Amino acid sequence: MSQSTPALRLENIVKTFPGVRALDGVSLEVLPGEVHALMGENGAGKSTLMKVLGGLHQPDEGKIIVSEQPVRMASPLDAKSKGIVFIHQELSLASELTVAENIYLGELPKKRFGLVDWQKLYAQTDEILAKLKVGFNAKTRVGDLSIANQQMVEIARALTVDAKAVIFDEPTASLTDAEKVVLFDVIADLKDHGVGIIYISHRMEEIFKITDRISVLRDGSYRGTLVTAKTNEDEITQLMIGRSLDLSRNVNHNELGDVALEVKGLSCGKLYRDVSFEVRRGEVVGFYGLVGAGRTEIAETLFGLREPSAGKILLDGQETRIHSPADAISKGISLVPEDRKGQGLVLGMNCRDNMTLPQVDDLKAGPFVAEGAEVAIFDQYRDRLDIRTPGWKQTVGNLSGGNQQKIVIGKWLSMHPNVLIVDEPTRGIDVGSKSEIHNLIRELAGQGYAVIVISSEMPEVLHVSDRIVAMYSGEIIRTFTSDEVTEDNLIQAISGITPDKAA
Amino acid sequence: MADVTDKTEARTSGPRESGMNSFNLAGAGRLLARQGILVAFAVFMIGFTLANERFLDPDNIMGVIRSSAILGVMALGVTFVVISGNLDLSVGSMMSFATIVVLDLHDKIGPALAIPGMYAMVLCLGAFIGFLVGYLKLNSLIVTLGMLSAIHGLTLTYSGGKNMDIADKEGTWFSVFGQSDVLGIPVPILLFALVASVLGILLAKTPFGRKVYAVGGNGTAATFSGIRRARVVFTCYLLSAFCVATAGLLQASRSLGSQNTVGQGLELEVLAAVILGGASLLGGSGTIFKTVIGVLILGFIQNGLLLVGLQFYAQYVVTWIIIILAVWLDIAAKRGKLWSPIA
């Protein structure tokens, strides 16, 4: 870190919306060549602050200063022209266009008569892509790329501007470990070029790996700035939520009951092959592996969304076929899907209606929906899961990620399933809600549920599981008990390094 | 360099959901937009009243509601389709078909059989569309636009291109639906009110209604909740066809004779009414009550324009302007301002 003037400074930003003081005098300073983490629970004001910086909201009070010049961000385009570049969590690419067209959209190099200079365009693009060491070229159609590679395109786009500051919003949410390494190299490179970086993430390991300082927001106000090298997870968590968290290995084993679900030799085309496992009542089985290892596809098969090509599914010892989600639900299987907003919730609907959606046919008073019974169910699970919402009439889209996830969990718990499958239970959720959800999963197992947890986060899998199934490329490599698992042998199993099936 | 500048001023209530913010903004905007339509409506009404004193005459008002009834009944069914996230552009030519069929059958097999016969045929058309859109998952715009043309052809083929008339217009009881009054209220209005009440309750109070909103709001999430999407969409098109058949019955009974093209262009007016009521074309929102309001607004504006001396044919332009205005205000409500220079 140099002693130079800040690349970007936000001073006492205040932003109020009708009824809410979203930002209450927040200040933030990013030096050139610094990676500055911005942390806080969902709803702490991070997104609002970034929207102010990006010109989507105008602050009521306070100043934005770029390279010592107070500026006003009139629009996102204006912010970009002033050297503030955003890499968004939700990608904004045109999937039918090529990588090159996406990167230079709006400023395509031109020849005479306003025609696009394709040669120059592709040359420029390949130059940038070379820096990022990606495995695709300028002419690749964006829609053909993985999410991670699409993110690389976003980053490449940022590199075309003379950026003073680059904001990364949860950039690793959908990246594999290898892709993360590339991303961190890119960030280091930007850093060397004197660009200030704001890094928004919930993932502690990344924060400690790549950031220099950490600023924390809570409830719309600034709580402090820590030097990464001189702090620890506890201190950050304390600032964020005002208490500390436990993310240790799971050691409490419940009394195990009968086998609720058994899968024998299940295959589904190329997605996964010859998968066998069992889940007992009272047990949490974690499925760990890289994105694309086939974990989600297994869950979808069990929930009737995919037809298996071979193998058997046994529920309580009875062989069964699951034809549709409705069929799965009637057989006592519930799935909390990985994409909360896309698959889990109808965002425009209220909390109560979302929660009771799978059983709306059963909650009847005569021909009508028994709304009283619905409210009772909602109240019960709101209290049990500590869902923070003004009331059941609240539109689900207005809740924070953690509370949304609790609505989805409540929705499936209220079905009293025999087997509960939870896919990525805490993706994009703040640490406070995360630990509540972990505790809840353990608690559910304690009450005799058979639980499958699919997760890409190792600490999470280690924390909640009694046994861990490691998957690689559509196959189960090994099943660990929580006593024999270590971070090392788990990583090896899921990266296909030592195909040690002997255990 | 221990710059731990802890600023922990106690704050009693903090914004826990940053999503609230954009919601409040959109909510305020939406309110404004909705009121915008009502304000525009009020201005029109006052203007019409000043321009022509007949406008507020009870007979005129009753006349407007009465002539809106046919369009209104169709709009009720289309409301279900739109909330489920689809479109139905075939209702206009389907209404022509219903009218022609029931008039033709009236003289052939008598009104008592003609009416159920017509309902059955129209419901078959609805089921066919529902199958294509619901089960085969074809784009509803393409399917119903195609059906608009196909059903028109079907009607012309059926009638041989001729207008259809009932032979004995004086001696049939068939005219009760379109021409008689009960307790001083025209039967079309009563039927419109009846269908609106039944469908309003179906949409707002039953599991089926809830599923329509879920399917339109987020079809994937509906599937993940065990809802059989195809069945819901299919049923919406059946309901739409039922409403169209009822509209055809009212039309035939009122005129006892009809051209092949009696419903032509109604699909757009119906859509205008549904959107005016505030249903989103993206699906997931809208109510029967709002659609009824939309129908009445449209009816009064068209009537008012006629009374101030605008040519009848100008209404087609006006309907289009109203659609654009409604869609614009709907979008403006979502982004919180009337227009946005960025994107």
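Trainee: How far apart do the end C-alpha atoms of residues 232–250 of chain B lie?
Mentor: Keep in mind that this is a predicted model. The span 232–250 of chain B is 100% helix and 0% strand. UniProt, in an unreviewed entry, lists 232–250 among the transmembrane regions of chain B. The end C-alpha atoms of this span lie 27 Å apart.

Trainee: What are the helix and strand shares over residues 182–204 of chain B?
Mentor: This span is also on the UniProt list of transmembrane regions, from an unreviewed entry. Its end C-alpha atoms are 28 Å apart. The shares are 78% helix and 13% strand.

Trainee: What distance does helix H4 of chain B reach from its first C-alpha to its last?
Mentor: H4(B) covers residues 111–135, which is 25 residues. At 1.5 Å a residue, 36 Å is expected. The helix comes close to that, reaching 35 Å.

Trainee: Which helices do the buried residues of H4(B) pack against?
Mentor: Start with the buried residues themselves. They include Ala114(B), Met118(B), Val122(B), Leu125(B) and Ile129(B). Their packing partners are H3 (91–109), H5 (140–159) and H10 (229–255) of chain B.

Trainee: Which residue takes a positive phi just after H4(B)?
Mentor: H4(B) spans residues 111–135. Look just after the helix for a phi of about 55°. The residue is Lys137(B).

Trainee: Why is chain A described as compact as a globular protein of that length?
Mentor: Chain A holds 17 helices and 22 strands. For its 503 residues, the globule rule gives 23 Å. Chain A is close to that value, so it counts as compact as a globular protein of that length, with a radius of gyration of 24 Å.

Trainee: How much of chain A counts as buried?
Mentor: The C-alpha trace of chain A spans about 70 × 50 × 50 Å along its principal axes. Among contacts between residues at least 6 apart in sequence, 67% join residues at least 24 apart. Of the 503 residues, the buried share is 49%.

Trainee: Which strands are the edge strands of the sheet E6-E7-E8-E3-E9-E10 in chain A?
Mentor: This is an open sheet of six strands with mixed pairing. An edge strand here pairs on one side only. The two that do so are E6 (84–87) and E10 (221–227).

Trainee: Which residues of E6(A) point the other way from Ile84(A) and Phe86(A)?
Mentor: In a regular strand the side chains alternate between the two faces of the sheet. Ile84(A) and Phe86(A) point one way from E6(A), and the residues on both sides are buried. Pointing the other way are Val85(A) and Ile87(A).

Trainee: Which residue stands opposite Val85(A) in E7(A)?
Mentor: E6(A) and E7(A) run parallel, joined by four bridges. E7(A), residues 165–169, is also joined to E8(A) by five bridges, again parallel. Opposite Val85(A) stands Val166(A).

Trainee: Which residue in the turn between E9(A) and E10(A) has a positive phi?
Mentor: Six bridges join these two strands, which run antiparallel. Val216(A) stands opposite Gly224(A) in E10(A). The strands form a hairpin with two residues between them, and the turn residue with a phi of about 50° is Asp219(A).

Trainee: Which strands stand at the edges of the sheet E16-E19-E20-E13-E21-E22 in chain A?
Mentor: This open sheet has six strands and mixed pairing. Each edge strand has a single partner, so one side of each is left without a neighbour in the sheet. The edges are E16 (333–336) and E22 (475–481).

Trainee: What is the bridge partner of Tyr288(A) in E21(A)?
Mentor: E13 (284–289) and E21 (467–472) of chain A pair in the parallel sense. Five bridges make up this pairing. The partner of Tyr288(A) is Ala470(A).

Trainee: What angle does the direction of helix H15 of chain A make with that of E20(A)?
Mentor: H15(A), residues 431–446, packs on the sheet. It touches E13, E19 and E20 of chain A. The angle is about 155°.

Trainee: Is Lys111(A) buried or exposed?
Mentor: Lys111(A) lies in the loop between H3 (99–103) and H4 (118–132) of chain A. A residue with 12 or fewer other C-beta atoms within 10 Å counts as exposed. Lys111(A) has 11, so it is exposed.

Note on methods: Residues numbered from 1 in each chain as written. Chains lettered and ligands numbered in written order. Predicted model: local features only at pLDDT ≥ 70, side-chain atom pairs only at ≥ 80, totals over all residues. UniProt positions renumbered as here; feature names shortened; annotations may be inferred. Pairing = 2+ DSSP bridges. Contact = placed C-beta atoms within 7 Å. Axes fitted to C-alpha atoms, helices over the stretch in contact; angles between N-to-C directions. Expected span 1.5 Å × (residues − 1). Buried ≥ 20, exposed ≤ 12 C-beta atoms within 10 Å, placed from the backbone. Rg over C-alpha atoms; globule rule 2.2 N^0.38 Å.
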